[in-house]
Amino acid sequence: MSVRRGFWGTRFGFYLAAIGSAFGLGNLWRFPYVVAENGGGAFVLLYVFLVFIVGTPFLVGELMLGKVTRSSIIQATQKLARDKFALGQSLGFRRLALFSGYFSVAIAVVVLAYYAVISGWVLHFLMQFLVGTFSERSLNTEQALAHLLKNGWLQVGLTSVHFLVVMVVIAKDIEQGLERWVGYMMPVFGVLLVILAIRSSSMNTATDAFRFMLYPDFSKLNISSLGQALGHVFFTLSIGFGAMVTFGSYLRDNVYTPGAGFRVATVDSLISVFAGLMIFPLVLASPSPISGPELLFQTVPVLFSRVGGGYWFGVAFFLCLYLAALGASIGLLETIVSNLRETKKVKRSHAAMWAGVVCFALALVPALSSSMLKGIRWGDKGILELLDAILINWLLPIAALVVSQVVVRLMSEDVQKSEFIDDEFAPSAETFRHWRILLKYVATPIIVLALILQAIGLFSG
Ligand code: TRP
């Protein structure tokens with residue numbers, strides 16, 4: 001292969017990148033609104049359960065796929081499909097495997113397009129708080145959101161700024177530097193979230209909010225909740241996009257993949273739950289009903305505009321959130337670029353430019369969805385929500401399922417074992433058995449059931 005393949009400088013470097021790519025808008029922007037749509041506690045419980053039963057085994061599978069083949073998803077799945085171990089499988093499955101990598105990368109392209117639009121929203125609030133801080137003008141956060149939503153071209157502008165930053169970082173091959181940045185930022189963000197969660201918990205809506213988030217009332221789940229929980233697990237852990245395959249391909253041989261996967265999943269879920277505990281007291285305190293993708297932007301800025309010194313918190317919060325969004329966008333573009341480089345043998349800078357331009361062109365649709373294209377709706381969903389729902393609740397679980405099956409069925413069992421069995425760690429043989437059982441007999445039926453239930457929900461209105 002002509003592509004130069006780097007390695008993570010340190011084991012810590014990999015964790016930073018993997019946790020950095022898992023941690024993003026999914027935790028702070030998407031998680032709260034999906035929880036709100038699905039009635040709270042029972043959904044949170046279902047989500048946490050699925051993180052460990054389905055998400056973690058899939059994550060480990062993708063990391064292994066990259067690490068063993070030293071390739072990104074398109075080449076990795078093709079290598080396995082052409083391997084001698086694959087011959088025992090049906091021709092149909094091998095054909096599916098040959099094509100599966102393209103499907104994942106296509107999802108990454110479309111997700112990056114609307115992820116960039118939301119990153120633009122974050123930039124907008126960051127600028128609002130900066131202006132508010134320095135001009136001592138009081139900030140009307142509701143107006144700031146309304147102005148943004150009405151103004152499609154402003155969103156296009158913000159999105160293009162975001163793409164420029166991401167493209168320069170990837171083209172210049174400076175993720176290593178950025179990795180460090182994102183690494184420094186994460187502990188700061190962690191502390192900030194804890195402070196804000198404590199602040200929220202002193203509000204008088206806090207008890208109700210905590211009950212809403214933590215008390216599981218299963219009657220509040222609806223027929224598509226399983227699919228939504230599953231989709232969000234894949235989205236937040238970055239599974240099914242090929243991202244973790246690319247990351248795995250940079251892992252050094254001595255890293256124990258199952259442990260790495262488990263840690264990434266645990267840290268990521270903890271952050272999401274904290275974000276929820278911070279946000280829901282604000283949601284319940286709001287006089288107007290709050291839902292949908294605007295939820296984060298309707299609640300958190302209000303908190304900052306009310307408390308003393310809040311503007312500084314606003315700047316710090318949106319700066320951290322922007323860096324998190326940037327880290328995730330970089331991970332997505334890096335996935336697309338590494339696949340382009342391996343399959344088309346193009347230069348890094350050209351691949352970054354072309355992928356960036358295509359994603360930006362696609363992003364025009366969601367960027368204009370709350371203004372010029374407002375009329376296009378399906379039920380109560382606009383274009384942005386529709387895109388999000390189709391990709392995350394339907395296509396992503398299918399993509400992740402196919403990739404996981406390619407790993408269990410087409411990779412030789414000896415190779416799989418060698419990744420799992422660690423002589424210094426006695427229970428690892430058991431872990432291997434459990435991992436295979438989960439992938440083969442537990443995850444697949446859960447995903448199929450989730451898709452069937454969603455389909456019934458769709459047709460029964
Ligand atoms: N997990 C990220 C988040 O929670 C979003 C994401 C999805 C991502 N797929 C990715 C990030 C691939 C990096 C690479 O916001």
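Me: What makes the side chain of Tyr115 a polar contact of the ligand?
Reply: An N or O atom in the Tyr115 side chain is 2.5 Å from an oxygen atom of the ligand. A polar contact is a pair of N or O atoms within 3.5 Å, so this pair counts. The model is predicted: local features need pLDDT of at least 70, side-chain atom pairs count only at pLDDT 80 or more, and totals for chains, interfaces and linings use all residues. Residues are numbered from 1 along each chain as its sequence is written, and side-chain values use heavy atoms, leaving out hydrogens and water.

Me: Which ligand atom does the side chain of Ser238 meet?
Reply: A nitrogen atom, 3.1 Å from an N or O atom of that side chain. Ala22 uses its backbone instead: an N or O atom there lies 2.9 Å from a ligand oxygen.

Me: How many residues surround the ligand?
Reply: 15, the closest being Ala22, Leu25, Gly26, Tyr115 and Phe235. Each has a heavy atom within 4 Å of the ligand.

Me: Why is H14 called oblique to H15?
Reply: Their axes (lines fitted to C-alpha atoms over the stretch in contact, with angles from 0 to 180 degrees between N-to-C directions) cross at roughly 125° and come within 9 Å. That makes H14 oblique to H15, because the angle is not under 35, over 145 or in 65 to 115 degrees. H14 spans residues 310-344 and H15 residues 348-367; helices are DSSP runs (H or I, at least four residues).

Me: Which residues of H14 meet H15?
Reply: Leu333, Glu334, Ile336, Val337, Leu340 and Arg341. Their partners in H15 include Arg348, Ala351 and Cys359. Contact means heavy atoms within 4.5 Å.

Note on methods: Helix = DSSP H or I, 4+ residues; strand = E, 2+ residues; numbered from the N terminus. Polar contact = N/O pair within 3.5 Å; in protein donor to acceptor, adjacent residues only side chain to side chain.
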